[in-house]
Each structure stands twice: as C-alpha cells, then as structure tokens.
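Here are my notes from going through the model you sent over. I've kept them as numbered points so you can follow along with the structure open.

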Amino acid sequence: MSSASSGTPASARRQEASLDLPVDPPRDGESKQAWVYRQIRERVLKGALPSGARLPSTRSLAQRWRIARSTVEAAYDQLRGEGYTAGTVGSGTYVAAVIPDNFFRKGLPGESGASLGADARDKTGKAALAPARLAAGRPARPLPHEQPVTPADQAESAEPPFASRSADAALFPMAAWSKGLAVSARQLTPAQLTRDEPQGWPALREQIARYLGAARGIVCDASQVVVLSGIRDGLDLCGRILLTPRDKVLIEDPGYVNAVPIYRPYTSGVVPLPIDGQGFAVARARRLRGVKLVHVTPAHQSPTGITMPVSRRLELLDWAAQAGVWVVEDDYDSEFNYDGAPLAALKSLDGADRVIHCGSFNKTLFNALRIGYAVVPKALAPAFAEARRKTGRSGSPIEQMTLARFLEDGGFARHVRKARGVYARRRDAALQALRQAVGAEALRVSGEHAGFHLLWWLPPGWDARQVVEAGRKADVGVQDVAEFARKATPAPGVVIGYSAVDEARLRRLGALLAALRPGRARG
C-alpha cells in the first residue's frame with residue numbers, strides 16, 4: 001500500500017532489517033506461527049528493529065529460519081493486525097510501532113528495567129518514531145469522521161439483552177460438562193465445602209494464569225487472578241476499591257453502555273471520551289486532571305470493533321504510568337479472531353503494572369455459567385480478595401473445579417476452536433447479507449475480523465430505525481450505534497450480532513434489508 005512507505009525515511013527503506021540474530025527456541029506448546037510472531041515482536045519492543053526498518057520477505061525469512069512460508073505469512077499478518085508493522089505483499093513490510101521513550105528504559109514485562117541501548121534510537125538520540133499513518137497497523141477501512149460532542153449527556157440506558165451477540169450455548173458440550181460436575185461433586189470434601197476462597201478456587205486460578213500466558217501473552221501467576229461472576233463484577237470491584245467521589249473515570253464514547261451505571265455509584269466524575277480511528281484517544285485524556293481510572297476495550301472496541309494498534313497501546317500505558325492512572329482492560333470477546341491468531345492483550349505490555357485485565361468464560365462458553373476473572377496488579381491483589389470476601393460474591397467450588405479441569409484437559413481449547421469456526425461462517429453469512437442489501441454500493445463495515453458483532457456504517461439514504469426493525473423481523477440482534485454513544489455523535493450505523501444466529505435468519509435479514517435499499521422500486 002502506498003502509505004506503507006510514504007512517511008518512512010529513505011535510508012530505512014533501502015536497508016532491510018537483519019533477522020539472522022540468534023533466536024530463542026520455541027516454548028512448550030508454542031506453535032511455529034506464535035514463535036515467529038514472538039521473535040519479531042520482542043525485537044520491535046526492544047528497539048532491535050527500529051521504526052521504519054523493512055522486514056525480510058516472507059520467502060526469505062522462511063528460508064533463513066527453515067519453516068514454511070505460510071507460517072511466516074500468518075505471523076506477518078498478525079503483526080500487521082496489531083500495528084507492529086505495516087505494508088502489503090509486493091510493497092514490503094515495515095516496522096510501524098511507535099515506542100515511548102521510557103519503555104526502552106523499563107524493558108518488557110517480566111524483564112529487568114535496564115536500558116536497551118542505542119539501537120532503539122535514531123541519530124538524534126530521540127526514540128525512533130513511525131509516521132502516524134503507519135501506526136494504525138492494518139490498511140483498515142476509514143472510520144467515519146468524528147462528529148462534534150454535544151453539551152448535553154444522554155440518559156442512562158441498559159444494554160438490550162441481544163442473544164445474537166452472545167455465545168451460542170447449543171455449541172457447548174453439555175454432556176461432558178455434566179459428567180465433570182458429577183466428578184467434582186464426588187471429589188469435594190466437607191473441609192473444602194466450608195473453606196472460604198474469596199479470590200477463587202486455587203486450581204482454577206492456576207489454570208487461568210496458564211491459559212492467559214499461552215493465549216493472551218500475559219505474564220502473571222495465580223496470586224494475581226481473581227475469579228469473578230463476570231466482567232461487570234470486575235468493573236464494579238474496580239470502582240469500589242479504587243475510586244473516591246472526587247476521581248474521574250474515562251470511558252470510551254461510543255462505548256460499553258453499562259460502564260456509566262457501574263462506575264457512577266462510586267464517583268460522579270464519569271467522563272465519556274470520544275474515540276478516534278485507533279480507539280481510546282490518549283492525547284485528549286492527557287489534557288484532563290484528576291483521572292484515576294480508564295475503561296477500554298482494546299482488542300475489539302465496543303461497538304466499533306476497532307483494534308487498538310500497539311503504538312496507541314504503548315502511548316496509553318506510558319501516560320498511565322506517568323499519571324498514576326489505573327487501566328481496566330475489558331477483554332470481552334478476544335478468543336474469537338477469524339482472520340488470524342488472537343491478539344496479545346494490553347496487559348502483556350504492562351511493564352508498570354497499571355492494567356487490570358478482565359475477561360469472562362460466560363462469553364466463551366454459556367451466559368449462565370457466571371464465571372469470569374480479573375488479572376490485577378500485584379499491589380492490588382489483597383484489596384480485591386478482601387472486597388470479594390466482604391461482598392460475599394465467591395462462586396460455587398463445584399463449577400470452578402469443573403472449569404479448572406475443562407481448561408487443563410483441553411476441553412476449553414477444543415470448544416473454542418469449534419465455536420470459532422461456526423462463528424466465522426455466521427460472520428461470513430452476515431457480510432453476505434449486507435452485500436445483498438447494498439447491491440452495487442460500497443459496503444463499509446468495521447470489527448468484522450473478530451468477536452460476536454460487526455458495525456455496518458450505513459450508506460447515504462438509509463434509515464437506521466428501519467434497519468433495526470428489519471433485524472427484529474429476522475430475529476437478529478440489530479442496534480443503532482447511536483445507542484452506544486453518550487456525548488459523541490457517531491456517523492449513521494448499526495451493530496449486527498451474529499454469533500448465536502443461524503445462517504437462515506441472516507439470509508432473511510439480507511432479503512429484508514435489500515427491500516429497504518433507497519431508490520429500489522417497490523412492487
């Protein structure tokens with residue numbers, strides 16, 4: 001793509017980065033794609049591959065490292081998706097990540113804080129930077145232009161319970177789960193039944209820590225894991241523990257609609273911050289005073305589906321460390337990426353230990369499970385455990401024991417792989433329905449690469465209310481994007497949930513929408 005080299009220094013374009021440096025052997029259970037991705041990612045973050053450096057071709061690197069070219073291509077795709085690199089086949093792949101100055105001094109999470117040396121800097125002594133256009137990572141469809149913020153806040157509203165934006169419980173192996181519950185019930189002793197475990201069942205916390213290390217790149221141990229009833233439980237605990245009435249909480253706008261009612265009991269300073277094309281707008285956040293907490297959805301922004309690129313993630317973490325701000329990472333549907341491997345979490349870059357990473361098995365398995373988790377900074381773990389004890393929110397040990405075994409024996413991974421394939425086909429059916437609807441017009445969507453929903457940016461002349469009504473008739477969850485906004489005025493669009501919707505209903509939606517196409521003759 002033309003922007004891949006437009007702002008890159010000519011000297012950097014002429015020189016290909018060397019990846020003949022010694023490489024670490026694959027870790028236990030690490031795939032070859034994950035290994036290639038990790039080798040390049042760590043070199044970028046350490047400054048060994050500075051911004052603007054051109055990576056070897058996939059064919060060349062495959063020959064050097066003696067692996068399949070398709071493996072390298074998949075790793076390059078993931079690096080582009082996260083914003084570490086930019087470029088396309090034929091034009092070259094370049095390092096695009098903007099690394100804050102103090103990141104080089106602190107190093108990667110889990111490493112020593114020593115400076116990583118002069119190779120992380122340009123000839124002026126400043127941190128090497130990539131052009132802002134490159135920092136976005138993928139050549140994504142442009143986000144509709146941000147509209148002015150209105151002075152009046154909208155009334156609070158609860159998110160409609162759209163089942164089509166949830167895990168499809170029909171895919172869950174209930175027979176195997178039922179057997180597991182029976183085994184857990186038999187194995188529990190009277191002493192275990194009376195034991196108070198406010199942070200959650202130890203075996204489950206251990207399995208969650210291992211899973212997050214392998215799947216999300218988070219370096220943590222069981223002492224940092226708190227078992228919750230879901231992500232909302234985690235957000236509420238963050239408000240309860242960390243906020244005072246004078247503090248400000250920044251939330252994405254448009255964003256998760258339940259964030260305001262969750263945080264407002266603890267402070268009146270809940271501030272919606274308009275997002276931009278890379279998600280949470282850190283530059284705007286820096287201008288505010290008294291910020292104690294920010295709530296972000298970096299993997300699949302709710303509702304636009306934007307993936308926050310690594311440059312913006314590092315900018316956010318840099319500001320949080322400097323300003324003493326806690327960052328709540330709402331990781332609500334990251335397990336389901338359809339065009340590549342799941343992205344590493346924001347927490348995986350958290351060298352200053354400022355991020356509280358919240359996830360949920362309710363989203364991956366079934367809603368009624370009511371088991372989620374948070375990975376908290378080590379300094380906060382005792383406070384979270386005490387808050388769980390005081391509120392009496394500890395869950396049943398039987399379900400927790402069963403889930404721990406489900407993670408350990410591979411049942412969870414098998415289920416996610418199966419569900420991912422089904423959801424990908426439904427995503428494709430939803431996109432086909434929208435193509436049918438727009439006809440010859442260009443189809444503009446965002447967030448279709450992952451998660452349970454996508455956002456359709458409506459072409460001129462379309463009425464969002466009619467589109468929502470068509471979704472109701474087809475029994476597909478469709479919601480006006482304006483309902484996710486508080487002060488921002490997003491461009492016209494609708495959120496379409498597809499994960500728990502069979503393909504026949506999505507085809508019916510396509511037919512209903514095609515009949516609404518502006519200018520189409522009605523019979």
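**Notes on the fold**

1. Let's start with helix 11, where the buried residues are I231, D233, G234, L235, D236, L237, C238, G239 and L242. That makes nine of the twelve residues, so helix 11 is largely enclosed by the rest of the structure. Bear in mind throughout that this is a predicted model.

2. What does the covering? Among the elements over the buried residues of helix 11 are strand 3, strand 6, strand 7 and strand 8, along with helix 12 (259-263) and helix 15 (381-391). Helix 11 itself, residues 231-242, lies across strand 3, strand 6 (291-296), strand 7 (326-330) and strand 8 (355-360), and runs at about 155° to strand 8.

3. I also checked the length of helix 11. At 1.5 Å a residue, its twelve residues should span 16 Å, and the end C-alpha atoms are 16 Å apart, which agrees.

4. Now the sheet that helix 11 lies across. Seven strands make an open sheet with mixed pairing, and the order is 3-9-8-7-6-4-5. Strand 3 (225-228) and strand 5 (269-274) are at the edges with a single partner strand each, so one side of each has no neighbour in the sheet. From one strand to the next, the twist averages 20°.

5. For a closer look at one edge, take strand 4 (residues 248-253), which pairs with strand 5 in the parallel sense over six bridges. If you want a spot to click on, K248 has G269 of strand 5 as its bridge partner.

6. There is also an open sheet of four strands, ordered 10-11-13-12, and here the pairing is antiparallel. Its edge strands are strand 10 (445-446) and strand 12 (478-480), each pairing on one side only. Strand 10 meets strand 11 (residues 453-457) in the antiparallel sense over two bridges, and S446 stands opposite L455 in strand 11.

7. Which helix packs on this four-stranded sheet? Helix 17 (residues 411-438) does, touching strand 10, strand 11 and strand 13 (493-497). The direction of helix 17 makes about 15° with that of strand 11.

8. Finally, the overall numbers. The protein has 19 helices and 13 strands, and 54% of its 523 residues count as buried. Of the contacts with a separation of 6 or more, 73% come from residues 24 or more positions apart. The accessible surface is about 22100 Å², with 53% of that belonging to carbon and sulfur atoms.

Conventions
Residues numbered from 1 in each chain as written. Predicted model: local features only at pLDDT ≥ 70, side-chain atom pairs only at ≥ 80, totals over all residues. Heavy atoms only, no water. Pairing = 2+ DSSP bridges. Axes fitted to C-alpha atoms, helices over the stretch in contact; angles between N-to-C directions. Contact = heavy atoms within 4.5 Å. Expected span 1.5 Å × (residues − 1). Buried < 20%, exposed > 50% of the residue type's maximum accessible area, 1.4 Å probe, protein only. Areas by Shrake-Rupley, 256 points an atom, 1.4 Å probe, with all protein chains shown as cover.
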